[in-house]
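Me: I am new to protein structures and would like a close look at one small part. Please start there and then show me around the rest in plain words.

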Amino acid sequence: MANSEQLIKMKVLKIATAGSVDDGKSTLIGRILYDTKSLTDDKLEAIEEKSRQRGFDYLDFSLATDGLVAEREQGITIDVAHIYFSTPSKSFIIADTPGHIEYTRNMVTGASTAQASIVLIDARNGVIEQTYRHFFINNLLRIKDVVIAVNKMDLVDFSEEKFNAIKKEIEFIASKSGYRGQNLTFIPMSALQGDNVVHKSENTPWYKGETLMHHLEKLEPEDISEISQARFPVQTVIRPKTEQYHDFRGYAGKIYGGDLSVGDEVAVLPSQTKSKIKTINFFDKEFETAKRGSSVTITLEDNVNVSRGDMLVKVNEEPTIAKQLDATICWMDKEPLKASQKYYIKHGVNDAQAKITKLSSIINTDFSGIEENPSELVLNQIGDIQLKLSKPLLVDSYSDNKSNGSFILIDSKTNSTVGVGFIK
Amino acid sequence: MSNKTIQVDALESEAIYIFREVVAQFEKPVLLFSGGKDSITLVRLAQKAFYPAKIPFPLMHIDTGHNFPETIEFRDRLAKELGVELIVRNVQDNIDSGRVKEETGRYASRNMLQTETLLDAIEEFGFDACIGGARRDEEKARAKERIFSVRDDFGQWDEKNQRPEVFDMLNGKIDLGQNVRVFPISNWTELDVWSYIEQEDIEIPSIYFAHKRKVFVRDGMIWSADDEVVFRDKEEEVLEKMVRFRTVGDMSCTAAVLSDAVDIAKVVEEIRDSSISERGARIDDKRSEAAMEKRKQQGYF
Ligand SMILES: Nc1nc2c(ncn2[C@@H]2O[C@H](COP(=O)(O)OP(=O)(O)OP(=O)(O)O)[C@@H](O)[C@H]2O)c(=O)[nH]1
Ligand SMILES: [Mg+2]
């Protein structure tokens, strides 16, 4: 059986990168892999050879992560890549996301599960439109730890003034953001040459802070759902129908928000039937308590009617039973969103039909305010909407519970995921 | 015995969640079982996801006819123990009927031919979800893969137009004829898999452990000389060495590594200290930088 040491080792810090095209995200990740000795010999050889072939006098670390032919041809990242590495004290998953505006949806994909984000800025160009947008999305997702990596410092003579000017500008827009819980850290670096990435740079004597890796190693991994009330959405009902388990009726799912224990009085939603937790099963063992984040099977004292999409919660900790939602939505499809259109909505493991009853506003991602009553929301725009649902969903606000406060919209003609919503 | 708090293993928990979504969202899922450590790990996770019920879908093996005998024996025994249906489809049948042509020469491999047999089997049984053991850390085109990855009628992966996958919501909606490839251990590394096998005490085929074998060396890689499958030039000398296999794909494209790791603890240690990636021993990836992406576009696992 697992000992505690092994279980701690399995804890991973998920990080996403952000920033405009060519600001150096892929290069930075390659550099981190290189400097932490995470690149195996065969992968390093491949990078050395390709860099030589292309006539570079340096190692093009972006080749470590740009895994698609089209990406290497164009020298840009198109889709998110997940990269894994560990240091003696921690395991990391870094999402290398695309900077190009056209692929913002892939950036959202990479960032949605991240606990920390690194926003790169090309020191020569300073804060540009795409920086604003990514910073905005980080705030919308409520990512707690955000590192502003002022990159390519080698191209501005490691100028302290340049660094401070960018810092001031970001601090100014951060003050306009509605999300207050964020920790901002500013680091001057050169991803290409390795300054302040893993090793402290001699080129920035004026910088008294830590290197990027040092900073990341100190961050605490946590579940994507912050601590709140327990939510247990039922994924499937387990009925073995064997002689030994003839009457076994277990509800399988993952716990979000808080812990659940045997004996807890629970309400089954939406029916509001009350019962008590009889057992918490995980594989062939029974447990007294299950923590948020664990996938378990729960049995109840009473023979109540529970099916997929229903939710078990502690009595007096009920979420909102909503037939209508107010939400901020990030649009990810070429077909624009318009009021009165219908979509499938997927909220956790639950599905319903949804009709857009109102498109209230487009939110400018440069923090300059909103545009009221627009006629449509196009690809990569963010706006506020109202939805009417074909059946009640059991929701929290995104700020209370990330997993139970978010949803996706699916186009019923193409089956594509066209938007991600954050419930108010 | 039930006075404990269950500890969260985030990767295990995520994989179990994915298995349950597959069963809830699809009508005819199947687990693609190769007999390798990743698919054996998948089987254990599937068992955990549905316990005390049996695994509610069949296992399917696309047999190239060039598998290590140890793997085949292991496969049959595991399926029997679990009481799940095992479907086997043979690449040899397609070769015999002339549908596909066998590669020739010193690098000949049946690895690519598997794709055709797989697509036929998906159509034959009408599978709408194929669960596989691919991991994102294996290879850089794999690193781009979603957990639910939609394939069209021809099994093709449209890598530039993947669905966004946010939080842990998995969109399994597809049209008739399409299917989804599902990767529950996407976020595991090779070391995570080995550590899990150790922690869970999972049985794996013996070729994963160091053993004496007749081998020959070519292009710096070690090949098995025990069988007829790998083409060997007369001047390539046969030696006896202590070796093990890090992956157990088709024999013709899976090289061995020199190793003294005779048990699971030693294997974990060896992987932790390794300076060569797992796929460094797969000749099929060395064919070109884009090898994996190309195979995936054509419907490979
Ligand atoms: N001089 C200098 N060049 C850099 C630095 N970081 C990145 N570059 C170069 O900037 C170019 C773009 O780098 P990438 O890492 O591909 O940029 P990216 O942010 O991943 O771009 P997208 O993925 O397309 O958004 C490459 O030519 C890099 O070599 C740096 O610190 N200094
Ligand atoms: Mg990039």
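Which does B:Thr71 count as, buried or exposed, and at what relative accessibility?

Reply: Happy to help! This is a predicted model, in which local features need pLDDT of at least 70 and side-chain atom pairs count only at pLDDT 80 or more, while totals for chains, interfaces and linings use all residues. Residues are numbered from 1 along each chain as its sequence is written, chains are lettered from A and ligands numbered from 1 in the order in which they are written, and side-chain values use heavy atoms, leaving out hydrogens and water.

Your residue, B:Thr71, counts as buried, because its relative accessibility is 2%. Buried means under 20% relative accessible area, exposed means over 50%, and partly exposed is in between (1.4 Å probe, protein chains only). B:Thr71 sits in helix α3 of chain B, which covers residues 69-82. Helices (H or I, at least four residues) and strands (E, at least two) are DSSP runs, numbered from the N terminus.

Who are the neighbours of B:Thr71? Not counting residues up to four places away in sequence, B:Thr71 touches B:Ser34, B:Gly35, B:Ile207 and B:Val248; contact here means heavy atoms within 4.5 Å. There is also B:Pro205: it is 134 residues from B:Thr71 along the chain, yet their C-alpha atoms are separated by 5.9 Å.

Stepping back to chain B as a whole, you will find 9 helices and 11 strands. Of its 301 residues, 62% count as buried. Among contacts in chain B with a separation of 6 or more, 73% come from residues 24 or more positions apart. The accessible surface of chain B comes to about 11700 Å², and carbon and sulfur atoms own 48% of that; such areas come from the Shrake-Rupley method with a 1.4 Å probe, and for residues only the protein chains shown count as cover.

Chain A has its own enclosed piece, helix α2 (residues 25-35): 10 of its 11 residues are buried, so the helix is largely enclosed by the rest of the structure. Among the buried residues of α2(A) are A:Leu28, A:Ile29, A:Arg31 and A:Asp35. Their cover includes strands β1 (12-18), β2 (81-87), β3 (90-96) and β4 (116-122), along with helix α8 (212-218) of chain A. After α2(A) comes A:Lys37, with a positive phi near 55 degrees.

A:Ser361, in strand β18 (residues 350-363) of chain A, is another buried residue, with a relative accessible area of 4%. Leaving aside neighbours within four places in sequence, its contacts include A:Ile370, A:Pro374, A:Ile382 and A:Asp384. Compare A:Lys278 in strand β11 (residues 273-282) of chain A, which is partly exposed at 46%. A:Lys278 touches A:Val262, A:Thr299, A:Leu300 and A:Glu301, again without residues up to four places away in sequence.

Now for charges. Side chains of opposite charge can pair when their charged atoms come close. A salt bridge is a side-chain nitrogen of Lys or Arg within 4 Å of a carboxyl oxygen of Asp or Glu, and the whole structure has 36 of them over all chains. In one, A:Glu376 pairs with A:Lys338, the closest N and O atoms being 3.7 Å apart. A:Glu376 lies in the loop between β19 (370-372) and β20 of chain A and A:Lys338 in the loop between β16 (320-331) and β17 (342-347), so the pair ties together parts that are 38 residues apart in sequence. Elsewhere, A:Lys218 meets A:Glu210 at 2.9 Å, N to O; A:Lys218 is exposed at 53%, and A:Glu210 is partly exposed at 28%. A:Lys413 bridges to A:Asp411, with closest N and O atoms 3.9 Å apart; here A:Lys413 is exposed at 69%, whereas A:Asp411 is buried at 8%. In chain B, salt bridges link B:Glu12, B:Arg44, B:Lys48 and B:Glu200 in a network.

Finally, A:Lys323, A:Lys342, A:Lys355 and A:Lys388 form a positive surface patch. Patches are made of residues with over 30% relative accessible area and no salt bridge, like charges being joined within 9 Å and nonpolar side chains (Val, Leu, Ile, Met, Phe, Trp, Tyr) within 5 Å. Lys and Arg count as positive and Asp and Glu as negative, without His and the chain ends; the place of a charge is NZ of Lys, CZ of Arg, CG of Asp or CD of Glu. One member, A:Lys388, is in strand β20 (residues 382-395) of chain A and counts as partly exposed at 48% relative accessibility.
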